[in-house]
Amino acid sequence: MKKTILSTLAALLLLSSCTVQQDNYSKRTVSVSGTGSITVEADTATIILSVITNGKDVSETSAENAQKMTAVQDAIKAKGIQKDCISTQNFSVYQESHYDNKSGKQVYDDYRVTNQVKILVKKIGMVSEVIDLALKSGANQLSSLTYGVTDTEIAKKQARSLAISQAQESANLLAGASGAKLGKVLSISEHSNIAYPRARLLKASAVAANADMALEEAAPTPIAGGSSTITITVDAVYQLR
């Protein structure tokens, strides 16, 4: 009976010893990162612009704003921009005010109505024309112009392959430098980023300064298409053996 108990204890100790060795072995890993970037030409543009009106009567100011924004949207739709490519970003009505030092009171001024829309242009060559047409029709603030890419899947796959290759190359280099061999991948994660170029902002004051110009006689707004950079980063953990 004693021999049986001793044999069992010896087997358990041996099993425990093997488990510890396996745990130590599994902790021999190397963690690396790899990054791949692909640049693609933009094929769309997003314009955010506004119609801003000011007046003493809130109803008249709102009506004037609505009339101008309708003219803006009708004009760009007539040039081929589809209705579903135009969406309202923000609409606000508030009364401006200032503090009067003499009376020590807050003085209320004109009402300010802002209607901001986002326009998706699917043909880069139309961007300049859409901007000029919107300004001519009543828009008086251009907040941003951002370029985009319709299909990014192919570029993402290419960037991902570059990132994985770079990560594996780093892992092999580190494993060789430590006198080990690279084993299987234990974990891998991915992070992506798309950098869209933005044009310089055009402030409302700049538009207002040219409000009296005959826009139909002015030179077209020069707009150059941009490119977008798609970056994939992978974090990988490899086993060392």
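Visitor: In S4, which residue is the bridge partner of Ile48?
Guide: In this predicted model, Ile48 has Lys118 of S4 as its bridge partner. The pairing of S2 with S4 is antiparallel and extends over 11 bridges.

Visitor: And S3, in what sense does that strand pair with S4?
Guide: Strand S3, residues 86-100, pairs with S4 in the antiparallel sense, over 13 bridges. One of the partnerships there joins Gln95 to Tyr111 of S4.

Visitor: How many residues lie between the strands in the hairpin of S3 and S4?
Guide: Four residues lie between them, and Gly104 in this hairpin adopts a positive phi near 70 degrees.

Visitor: Let us turn to the interior. How many residues are in the largest nonpolar core?
Guide: That core has 25 residues. Those with the most contacts inside it are Ile47, Leu49, Ile81, Ile119, Val121 and Val130.

Visitor: Which elements give two or more residues to this core?
Guide: They are strand S2 (44-55), helix H2 (58-78), strand S4 (105-121), helix H3 (127-137) and strand S5 (141-148). H3 provides the largest share, five residues.

Visitor: What is Ile81 in contact with, leaving aside its neighbours within four places in sequence?
Guide: Ile81 touches Ile76, Ile86, Ile119, Leu120, Val121, Met126 and Val130. Apart from this core there is another, of 19 residues, which includes Val30, Ile38, Ala171 and Leu240.

Visitor: A change of topic: in what order do the strands of the three-stranded open sheet run?
Guide: The order is S1-S7-S6, with antiparallel pairing. Strand S1 (29-41) and strand S6 (182-195) are the edge strands; each has a single partner strand, so one side of each has no neighbour in the sheet. From one strand to the next, the twist averages 15 degrees.

Visitor: How many bridges join S1 to S7?
Guide: There are 13 bridges between S1 and strand S7, residues 227-240, and the two run antiparallel. Within this pairing, Gly34 is matched with Val234 of S7.

Visitor: Which helix packs on that sheet?
Guide: Helix H4, residues 153-177, does so and touches S1, S6 and S7. The direction of H4 makes about 150 degrees with that of S1.

Visitor: Finally, the protein as a whole: how many helices and strands are there?
Guide: The protein has five helices and seven strands, and from the N terminus the elements follow the order α-β-β-α-β-β-α-β-α-β-α-β. Of its 241 residues, 29% are buried. The accessible surface comes to about 15,200 Å², with 53% belonging to carbon and sulfur atoms.

Key. Residues numbered from 1 in each chain as written. Predicted model: local features only at pLDDT ≥ 70, side-chain atom pairs only at ≥ 80, totals over all residues. Heavy atoms only, no water. Core = buried A, V, L, I, M, F, W, Y, C linked by side-chain atoms within 4.5 Å. Buried < 20%, exposed > 50% of the residue type's maximum accessible area, 1.4 Å probe, protein only. Contact = heavy atoms within 4.5 Å. Areas by Shrake-Rupley, 256 points an atom, 1.4 Å probe, with all protein chains shown as cover. Pairing = 2+ DSSP bridges. Axes fitted to C-alpha atoms, helices over the stretch in contact; angles between N-to-C directions.
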